Amino acid sequence: MSALVRMRLSGFLRTGRALAPLLAGLVVLGTLYGGGRSQPAEAYGVSAVVLFPVLAWQTKILLDIEPDVQRRLAQVTVGVARERLAGLLAACVAALVAVAVALVFPWLVGGVTGPVEPGDRSVPIGIALGLWAHLLAVPAAVALGALASRASVGGAAYGVAVLALGGVGAVALGLRGSVAPWLVPPIMATARTTAGDAAALTVLGLTLWALAWSAAAVGGYLWRRRAQG
């Protein structure tokens, strides 16, 4: 299965399909940090929000590269479950690379502030919260991108609709006072937490929420794959 993961990542890079989400991510991050410097925790929380749809789009692109016939051959070779898992793992690897870029980028362009005084722990705490916020976005974004992939929905138009609804819904339903925040991953709630009081119970609750939503979305993806054949 590891060979299949490497093959999909190689195809993602060799075909140049990785450039579009990479450039989109750099543009949104450049726009975000171009407005001035801010504390790492707050900046990274917003960064995870704007990167979420980019990671979902990247996942869809990666999963859509492989022709349908080649995907069926992979199912025969390694088994149906391993073929589907290999696609998700490849998308996770690509997403983690994007997260690494997002974490380093603001320091390169001067978008975040350093320690105010000796012994100031706001920066390491902010970096830790930022890493948490981005890692929380990865499984949800991969699950959304998988749901929007050609193998799941069967057509490009449906895939774009799923991406758009998922990306916009994550923001709209994630606002304070939302009637159904549980319908979307806690991307907005995580951003508010990084900018405010990140209590341990809040962090744990948001983590469990994100994992539960991602598991449900992956379950939907696997069900759609079975329905599509």
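**Notebook: cavities, a pocket and one helix**

I began with the largest cavity, where helix 5 gives the largest share of the lining, three residues. The model I am reading is a predicted one.

**Entry 1: the largest cavity**

I asked how many cavities of 30 Å³ or more the structure holds. There are two. The largest has about 80 Å³ of space. I listed its lining: R8, L62, L63, E66, R71, E83, R84, G87, S149, A151, Y221 and R225. Helix 3, helix 5 and helix 10 (200-228) are the elements that give two or more residues to this lining. I then sorted the lining of the largest cavity by class. Six residues are charged, four are nonpolar and two are polar.

**Entry 2: the second largest cavity**

Next I turned to the second largest cavity, with about 40 Å³ of space. Its lining is made up of G45, A48, V49, A133, L136, A137, P186, I187, T190 and A191. At least two of these residues come from each of helix 3, helix 6 and helix 9 (187-195). Which classes line it? I found eight nonpolar residues, two polar ones and no charged ones.

**Entry 3: H134**

I looked up H134 and found it in helix 6, which runs over residues 122-147. Is H134 buried or exposed? Its relative accessible area is 1%, so H134 is buried. The cut-off for buried is under 20%. I then noted what H134 touches, leaving out residues up to four places away in sequence. The contacts are Y44, S47, A48, L51, V99, A102 and L103. One of them, A48, also appears in the lining of the second largest cavity.

**Entry 4: the largest pocket**

I moved on to the largest pocket, which has about 310 Å³ of space. Its lining has 19 residues, and L22, Q58, A94, V97 and A98 are the closest to its centre. Which elements supply at least two residues each? I wrote down helix 1, helix 2, helix 3 and helix 5. Helix 5 has the largest share here, six residues. By class, 17 of the lining residues are nonpolar and two are polar, with no charged residues.

**Entry 5: Q58**

I picked Q58 from the residues closest to the pocket centre. Q58 sits in helix 3. Its relative accessibility is 8%, so Q58 counts as buried. Setting aside neighbours within four places in sequence, I found Q58 in contact with F12, P21, A94, A95 and A98. Of these contacts, A94 and A98 are also among the residues closest to the pocket centre.

**Entry 6: helix 2**

I ended with helix 2, since P21 is among the contacts of Q58 and is a buried residue of this helix. Helix 2 covers residues 19-33, 15 residues in total. From first C-alpha to last it reaches 21 Å, close to the 21 Å expected at 1.5 Å a residue. Which residues of helix 2 are buried? I found P21, G25, L29 and Y33. They cover an arc of only 90 degrees around the axis, so they lie on the same side of helix 2. A general rule helped me here: an α-helix has 3.6 residues a turn, so residues three or four places apart point the same way. The face turned away from the buried side carries the exposed residues L19, L23, V27 and T31. What covers the buried residues of helix 2? The cover includes helix 1 (2-14), helix 3 (40-65) and helix 5 (80-109).

Note on methods: Residues are numbered from 1 along each chain as its sequence is written. This is a predicted model: local features need pLDDT of at least 70, side-chain atom pairs count only at pLDDT 80 or more; totals for chains, interfaces and linings use all residues. Side-chain values use heavy atoms; hydrogens and water are left out. Helices (H or I, at least four residues) and strands (E, at least two) are DSSP runs, numbered from the N terminus. Buried means under 20% relative accessible area, exposed over 50%, partly exposed in between (1.4 Å probe, protein chains only). Contact means heavy atoms within 4.5 Å. The expected span of a helix is 1.5 Å times one less than its number of residues. The arc is that of the directions from the helix axis to the C-beta atoms. On a 1 Å grid over the protein atoms alone, a cavity is a set of points where a 1.4 Å probe fits but cannot get out, and a pocket is an open set with protein on both sides within 12 Å along at least five of seven lines; lining residues have an atom within 4 Å of a point. Grid points are joined across faces, edges and corners, and a volume is the space filled by probe spheres set on the points. Ala, Val, Leu, Ile, Met, Phe, Trp, Tyr, Cys and Pro count as nonpolar, Asp, Glu, Lys and Arg as charged, and the others, Gly among them, as polar.
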